[in-house]
Amino acid sequence: MEKKLLQQLFSHINTGAFAVVFWDGSEEQYGEGQPFFKLIIRDKSIVGKLVKNPALVFGEAYVDGLIELEGDIAEVIRLIHLNKEFIEKYTGGKAVQRVASLLRHVSIEKQKKDVRHHYDISNDFFALWLDPTMSYSCAYFRSPSDSLEEAQLQKIDHSLKKLHLKKGETLLDIGSGWGWLIIKAAQRYGVKATGITVSKEQYEKTKQRITDLQLDNLVEVLLMDYRELLKTGRKFSKIISIGMFEHVGRDNMPVYMKAVRDLLEQGGLSLLHTITHPVEGPVNPWIEKYIFPGGYIPSLREVIWLLPDYDFHLLDIECLRMHYAMTLDRWAEGFEKNVHIVLEKYGESFVRMWRMYLRSCAASFRYSGLSVHQILFSKGLVNDLPLTR
């Protein structure tokens, strides 16, 4: 019965091909042509749950070793998107039900807990596979031969240039990570830079970096949520946020925009760097449960639609989709290079979870339409900016 359920499901795959080895040792191929990969299903007890919720259960079964994969995880993502029409039809009812769960208020305490679930694993863990700047967002490759560190420094430079910073201005970085952007902003432009994060690990590392570089007069980091900063009444000349908007939740997107409006001086600029989907939809349930709880990836049009309500005027949009695919490739390579350390400290399931996360996300940027955009806007009309990018 379990095998028939899977055979019925797999038989709908008509673009591309893959092989399956079942728990009884039998092997079958689905689709036409050379198989992209081979799936080895070790335990038939997962079949019922897999058929009901494939996106969640496949990830869980892989992490637990109940499903093995011969081949690249990226090829699984490619096959799924080649058969997107069937996949969407098959999961459509469930997806619609899950969208309703996205429309929920994310409290400050809930968001702090969700963020710390991911970012407070330990600084030592992230240092194993991030570049020396500890930048954990899409890099900017001028050439495929750029090192990860070069590309991350280029991303910081590329982003800061868009803000037209001037000496003496104040810059706020919402979700400042391990702090290298606020440090470079102060060093290069002479601005007074403030970073906020709700990650204790990031906060401590950033504080140490500021002290080591003797930048306490220009750079500060605060352990707080953007809604808490809003209550202080502070104003900033420019505001940047890179890779944080995905954590605010769909229901809180207007809350974030209002906060930026109230924190930003009239005539100020804000750069929002965020992952985007082509259309609105639910978060991948496995990612939401195990990697980024409480998150939501907006569509580009959702973000743009919000701007006029807060007197924000769009200045520039840039797509960095392939840059993020390449960034994730480099992270995955660094992770595998040090996987023996991760395995010893965190165990096999943790290794498999992070391997799936990094590899599948890289593939999603290549094949699914998942993207990342930098969106520059002003508070009120600004008429004296350069005429060209």
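Is Gly168 buried or exposed? Keep in mind as you look that this is a predicted model. Gly168 has a relative accessible area of 54%, and the cut-off for exposed is over 50%, so Gly168 counts as exposed. To find the spot, go to the loop that runs between helix H8 (148-162) and strand E5 (170-174). Setting aside residues up to four places away in sequence, Gly168 touches Gly190 and Val191. For a feel of the distances involved, try picking out Asp64, which sits 104 residues from Gly168 along the chain. The C-alpha atoms of Gly168 and Asp64 are separated by 53 Å.

Now zoom out to the whole protein. There are 17 helices and 11 strands to trace. The radius of gyration is 22 Å, close to the 21 Å that the globule rule gives for 389 residues, so the protein is as compact as a globular protein of that length. If you drew a box around the C-alpha atoms along the principal axes, it would come out at roughly 70 × 45 × 40 Å.

What share of the residues is tucked away inside, counting as buried? The figure is 55% of the 389 residues. As for how the chain meets itself, take the contacts with a separation of 6 or more: 71% of them join residues 24 or more positions apart.

On the outside, the accessible surface adds up to about 17,600 Å², and carbon and sulfur atoms hold 53% of that. Charge is worth a glance too: the protein carries 50 positive and 49 negative side chains. The centres of those two sets lie 3 Å apart.

Last stop, the aromatic rings. A pair of such rings is described by how far apart the centres are and by the angle of the planes. The protein's count comes to 30 aromatic pairs. One of them is Phe22 with Trp23, an edge-to-face pair at 5.6 Å centre to centre with 85° between the planes. Phe22 counts as buried because its relative accessibility is 2%, under the 20% cut-off. Trp23, in contrast, is at 25%, so it counts as partly exposed.

Further along the chain, Phe125 and Phe126 also make an edge-to-face pair, with 5.2 Å between the centres and 65° between the planes. How do these two partners fare for cover, buried or exposed? Phe125 is at 1% relative accessibility and so counts as buried, and Phe126, at 0%, counts as buried too.

Key
Residues numbered from 1 in each chain as written. Predicted model: local features only at pLDDT ≥ 70, side-chain atom pairs only at ≥ 80, totals over all residues. Heavy atoms only, no water. Helix = DSSP H or I, 4+ residues; strand = E, 2+ residues; numbered from the N terminus. Buried < 20%, exposed > 50% of the residue type's maximum accessible area, 1.4 Å probe, protein only. Contact = heavy atoms within 4.5 Å. Rg over C-alpha atoms; globule rule 2.2 N^0.38 Å. Areas by Shrake-Rupley, 256 points an atom, 1.4 Å probe, with all protein chains shown as cover. Lys, Arg positive; Asp, Glu negative; His and termini not counted. Charge placed at Lys NZ, Arg CZ, Asp CG, Glu CD. Phe/Tyr/Trp six-rings, centres within 6.5 Å; stacked < 30°, edge-to-face > 60°.
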